[in-house]
Amino acid sequence: METAIPTTPTPDDAALWHAGRLYLADQRILPERAEFLVYERADAVAEAIRDMVVRGAPAIGVTAAYGVVLAARAAFAAAGAGWKSAIEPDLERLAASRPTAVNLFWAIRRMRDRIAVLDAADPEPALLAEARAIHEEDRAANRRIGELGAALIEGPTDIITHCNAGAIATGGYGTALGVVRSAFAAGKVRRVYADETRPWMQGARLTAWELMQDGIPVTLQADGAAASLMAMGSVGWVVVGSDRIAANGDVANKIGTYGLAVMARYHGIKVMVAAPTSTVDMELASGAAIPIEERDPEELLGCGGRRIAPAGCAARNPVFDVTPAALVDAIVTERGVVLAPTPEKMRELMG
Ligand code: MRU
């Protein structure tokens with residue numbers, strides 16, 4: 001049965017399917033305004049992913065899966081029994097939307113596998129069921145990740161997190177923030193320090209918003225403030241999400257994560273990467289092969305709609321970096337925990 005669409009998105013509502021349409025909470029304007037945008041075409045969904053209406057690796061995957069449903073509807077309307085060829089350009093558009101989060105390609109692969117076993121009849125009901133399953137499974141995975149990650153934390157302690165790996169970045173509950181939620185419920189978290197995360201401010205806007213709604217004590221800090229906080233001694237863990245984990249346990253995540261991991265090792269603080277197995281890419285031997293998205297330098301040259309840097313200033317804007325496995329203490333997935341990741345342990349996890 002269809003559920004009603006909430007008038008105002010909550011952190012659990014990154015992507016919702018309702019009455020044949022896809023609703024995306026516009027993450028570019030949260031928390032100042034909480035609004036849904038509505039989608040009926042796959043090319044517009046691809047654009048929404050590229051433009052950061054929806055972001056966060058698992059939420060991108062869930063959104064792409066619903067995008068495939070819209071693509072199938074259009075392909076069947078245009079080509080009837082020939083829908084399997086007609087859908088291709090939209091599948092390619094969705095896959096080209098962002099390069100780093102492997103959940104996008106994982107979700108499209110899974111939808112393709114479903115497409116492969118369908119006949120010439122209307123594909124929408126079967127593909128919608130698959131997209132809903134991807135969404136539900138991600139939500140359930142995050143609950144399990146939360147439990148497993150919280151069990152590693154000896155509290156009470158302070159936690160640093162970077163970017164937003166929360167409910168709004170996933171199918172629900174969150175990965176890094178799922179661990180924080182479960183650990184807080186178990187009395188293990190004193191306070192979360194959220195890096196603001198230049199230039200999109202996912203920490204300032206989304207992590208702070210999510211945790212405040214749950215009554216979890218959160219303090220925002222400039223990205224450059226993490227080292228001095230670590231030196232004060234109250235932080236036990238850095239807990240982050242991931243966009244892609246290579247077969248040797250190297251981890252791609254929001255730019256700045258690598259620096260945090262280096263600083264954490266120096267200060268004797270542990271690093272936990274919380275991510276579903278849909279984020280693990282066993283086809284890439286190491287993080288060196290992970291494609292790192294470079295976005296428009298304009299994102300960096302200004303702030304809040306105001307130009308900051310001098311005209312003509314050069315800027316580089318890689319939006320992810322790779323943390324070597326040697327700096328990761330634990331990778332927490334719904335299938336289990338990998339401590340001090342190695343290729344062998346990753347192979348064992350992934351079967
Ligand atoms: O550019 P973004 O906002 O999509 O980057 C998101 C991150 O880096 C997250 O930490 C990662 O996707 C994990 S989300 C559960």
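Visitor: What makes the pair formed by D243 and the ligand a polar contact?

Guide: A polar side-chain atom of D243 lies 2.9 Å from an oxygen atom of the ligand. A polar contact is a pair of N or O atoms within 3.5 Å, so this pair qualifies. The model is predicted: local features need pLDDT of at least 70, side-chain atom pairs need 80 or more, and totals for chains, interfaces and linings use all residues. Numbering runs from 1 along each chain as its sequence is written, and side-chain values use heavy atoms, without hydrogens or water.

Visitor: Which atoms of R55 and A57 pair with the ligand?

Guide: R55 uses an N or O atom of its side chain, 2.8 Å from a ligand oxygen. A57 uses a polar backbone atom, also 2.8 Å from an oxygen of the ligand. The protein buries 100% of the 410 Å² that the ligand exposes when taken alone (Shrake-Rupley method, 1.4 Å probe).

Visitor: How many residues surround the ligand, and what makes a residue count?

Guide: A heavy atom within 4 Å is the test, and 18 residues surround the ligand. R55, R98, Q202, N253 and K254 are the closest.

Visitor: What makes up this shell by residue class?

Guide: It divides into seven nonpolar, seven polar and four charged residues. Gly counts as polar here, while Tyr, Cys and Pro are among the nonpolar ones.

Visitor: Which helix and strand each supply at least two shell residues?

Guide: Helix 2 (57-79) and strand 9 (251-254) do. Both are DSSP runs: helices are H or I with at least four residues, strands E with at least two.

Visitor: How do you know where the ligand lies relative to domain 1 and domain 2?

Guide: Domain 1 (3-139) and domain 2 (143-350) both give residues to the shell, so the ligand lies between them. The bounds come from an automatic or database domain assignment.

Visitor: Why are the peptide bonds before P156 and P199 worth a look?

Guide: Most peptide bonds are trans. The bond from G155 to P156 is cis, with omega near -5°. The bond from R198 to P199 is cis too, with omega near 0°. P156 lies in the loop between helix 6 (124-152) and strand 4 (157-161).

Conventions:
A polar contact is a pair of N or O atoms within 3.5 Å; within protein, one must be able to donate a hydrogen and the other to accept it, and residues adjacent in sequence count only if both atoms are side-chain atoms.
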